[in-house]
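Subject: Structure for your review

Hello,

The sequence and structure are below for you to load. My notes follow them.

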Amino acid sequence: MCHSRLSMRRIASGLFAIALAAIVSPVLAQTQLERAYRIIAGKQFVDLTHSFSPDTPVWSGFGQAKMRASADPQTGAPYTIAKDGFRATFYEMVGQYGTHVDPPAHFAEGGVTIDRIPLKEMILPLVVFDATPLIAKDPNHAFSPDDLRAWERTHGRVRKGAFAALRTDISKDWDSNPERFKRSPFPAWSLATIKLLAEQRGVIAIGHESLDTDITEKMESETYILQKGRYQIEAMTNLDKVPATGALIVVTWPKVKDGLGFPARAFAILP
Ligand SMILES: [Zn+2]
């Protein structure tokens, strides 16, 4: 009798412990997040961002960046580590420079600016469409809805909430042949594909290797996607090192108040 009362007490205390664990869910959440971090830390990361400099390809209407040593506004003397213990750079450039984010406000009056894009839209499942076989036949191919559907027959439907990136390999000209990189037309999206991705697939953002969304500077697709409230990353690189599905993309940029665009840092975490 004494024995069974003891086991009843054990059962009761066990139930109490389970109930307590359910209440103290932050502990459980913490271990889940730690596990997620351990998984992520063990994965391969791929930088999807170009380095940029005053020589970087840029739209001629914006012009090249200027960078110089930051100087004391009183004396004009540049700061040096030898003299001042520190140094800094003064940048003068358009926000749409290098690998950059275009927020909706870039093309839409009243659109979301870079400081107001939700943080949860800055880490997303990444899908990559490889247009390079099509570009082998047509160097300035516009990725079409038929191309997208062919991709989906192999890789499955584009998942809702994804970041959809277009691989064209023109990023390989960024450093080695900037004049070729800046050509027009160039390989990018068709408007019908961008509409399909936004309206029927529910993508949150798009990205491409070119400096514009359309294959010319006519800007139909760019106007559409930004006025639709989606953001885009332009002048991406290394999309040839990322699988068609299964990777995550992390994209970030400085939080300029009411900012209309800025160099961004994008990288992929491979499956
Ligand atoms: Zn842009």
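A residue is called buried here if 20 or more other C-beta atoms lie within 10 Å of its own. The model is a predicted one.

By that cut-off, both faces of strand β7 are covered. F163, A165 and R167 are buried on one side, and A164 and L166 are buried on the other. With 5 of the 5 residues of β7 (residues 163-167) buried, the strand is largely enclosed by the rest of the structure.

Which strands does β7 pair with? Strand β5 (residues 123-130) runs parallel to β7 and is joined to it by 5 bridges; within that pairing, D130 has R167 as its bridge partner. Strand β9 (residues 205-208) is also parallel to β7, through 4 bridges, and here A165 is placed opposite G207.

These three strands belong to an open sheet of 9 strands, ordered β1-β13-β11-β5-β7-β9-β10-β4-β12, with mixed pairing. The edges are taken by β1 (45-47) and β12 (262-263); each has a single partner strand, so one side of each has no neighbour in the sheet.

An antiparallel part of the sheet is formed by β11 (residues 247-252) and β13 (residues 265-269), which pair over 5 bridges. In this pair, T252 of β11 lies opposite R265 of β13.

As general background, strands of a sheet pair through backbone hydrogen bonds, in either the parallel or the antiparallel sense.

Regards

Conventions. Residues are numbered from 1 along each chain as its sequence is written. This is a predicted model: local features need pLDDT of at least 70, side-chain atom pairs count only at pLDDT 80 or more; totals for chains, interfaces and linings use all residues. Two strands pair if DSSP finds at least two bridges between them. Helices (H or I, at least four residues) and strands (E, at least two) are DSSP runs, numbered from the N terminus. A residue is buried if 20 or more other C-beta atoms lie within 10 Å of its own, exposed if 12 or fewer, and partly exposed in between; C-beta atoms are placed from the backbone.
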